Amino acid sequence: MTELRNDRNGLGRFNVTPAPVVRAPARNPDGSVICPECGSDISSSRGTQRLRKPDFADRTLQQQLEEPLLLYGWLCTRHQYDIVIPAACRGRDASNLPTGWIGVRLVFTDEIVRWAPTPRKELREQGVDR
Ligand SMILES: [Zn+2]
């Protein structure tokens, strides 16, 4: 049953860890966060996630930032690849989130560019002043 997923991008058979998938959160009517691919309740994974191979919409960031990118959000580990689900983020200031988070523009797996929250401190330490 998981064979198809395992062979995603044709990399499975070469033993290469598939790139993580980045998706916007889905929610149950009660507000709990679910994985948009398998529907599992992932509310309890809320916290800082690490995203390998981030696809920045901003080419400069792509060159400046080292992997992994830290993101505030959720994670589903029930797949052959990690599904990282960044919390909704309002603009560069991440004005809907607590102080200390800042928005970066990421290309999600559905190829839509969305703001995703990353710790401002982390960007500073890597010499990126936003
Ligand atoms: Zn899932």
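Here is a friendly conversation about how the terms used for this predicted model follow from its values.

Reader: What makes up the secondary structure of the protein, and in which order do the elements run?
Author: The protein has three helices and eight strands. Starting at the N terminus, the order is α-β-β-β-β-α-β-β-β-β-α.

Reader: How do you know how far to trust this predicted model, and where is confidence lowest?
Author: pLDDT runs from 0 to 100, and its mean for the protein is 88, with 87% of the residues at 70 or more. Confidence is lowest in helix α1 (residues 3-6), where the mean is 47, and highest in β6, at 98. Over residues 1-7 pLDDT stays under 50, and the model has seven contacts beyond four places in sequence for that stretch. Where pLDDT is low, predicted coordinates should not be read in detail.

Reader: Why is Ala94 called buried?
Author: A residue needs 20 or more other C-beta atoms within 10 Å to count as buried. Ala94 has 23, so Ala94 is buried. You will find Ala94 in the loop between β6 and β7. Its phi is near 45°, a positive value in a residue other than glycine. Across the protein, 25% of the 130 residues count as buried.

Reader: Gly91 is in the loop between β6 and β7 too; is Gly91 buried or exposed, and how do you know?
Author: The cut-off for exposed is 12 or fewer C-beta neighbours. Gly91 has 11 within 10 Å, so Gly91 is exposed. Leaving aside neighbours within four places in sequence, Gly91 is in contact with Gly103 and Trp115. The C-alpha atoms of Gly91 and Ile102 are 8.1 Å apart, with the two positions eleven residues apart along the chain as the separation.

Reader: What makes Pro119 partly exposed?
Author: Partly exposed lies between the two cut-offs, 12 or fewer for exposed and 20 or more for buried. Pro119 has 16 other C-beta atoms within 10 Å, and therefore falls in between. Pro119 belongs to strand β8. Not counting residues up to four places away in sequence, Pro119 touches Leu70, Gly100 and Trp101.

Reader: What makes a group of residues the largest nonpolar core here, and which elements contribute to it?
Author: Such a core is a set of buried residues of nonpolar types, joined through C-beta atoms within 7 Å. The largest one has 22 residues, and those with the most contacts inside it include Ile42, Leu71, Ile83 and Ala116. Two or more residues come from each of β5 (69-76), β6 (83-86), β7 (101-107) and β8 (113-119). The largest share, five residues, is from β5. In soluble globular proteins, nonpolar side chains tend to be buried together.

Reader: Which residues are in contact with Ile83, leaving aside its neighbours within four places in sequence?
Author: Ile83 is in contact with Val21, Arg23, Cys35, Glu37, Leu75 and Cys76. As for the protein, 53% of the contacts with a separation of 6 or more are between residues 24 or more positions apart.

Reader: How do you know that β7 and β8 pair?
Author: Pairing needs at least two bridges. β7 and β8 have seven, in the antiparallel sense. One example is Ile102, whose bridge partner in β8 is Thr118. The two strands form a hairpin with five residues between them.

Reader: What makes Glu111 in that turn worth a look, and why is Glu111 called exposed?
Author: Glu111 has a positive phi of about 70° although it is not a glycine. With 7 C-beta neighbours inside 10 Å, set against a cut-off of 12 or fewer, Glu111 counts as exposed.

Reader: Why are β1 (21-22) and β4 (47-51) said to stand at the edges of the open sheet?
Author: The sheet has four strands in the order β1-β6-β5-β4, with mixed pairing. β1 and β4 each have a single partner strand, so one side of each is left without a neighbour in the sheet. Within this sheet, β5 and β6 run antiparallel and are joined by four bridges. Gly73 stands opposite Pro86 in β6.

Reader: Where is the cis peptide bond, and what is its omega?
Author: The cis bond joins Glu67 and Pro68, with omega about -10°. Pro68 is in the loop between α2 (59-64) and β5.

Definitions and conventions. Residues numbered from 1 in each chain as written. Predicted model: local features only at pLDDT ≥ 70, side-chain atom pairs only at ≥ 80, totals over all residues. Contact = placed C-beta atoms within 7 Å.
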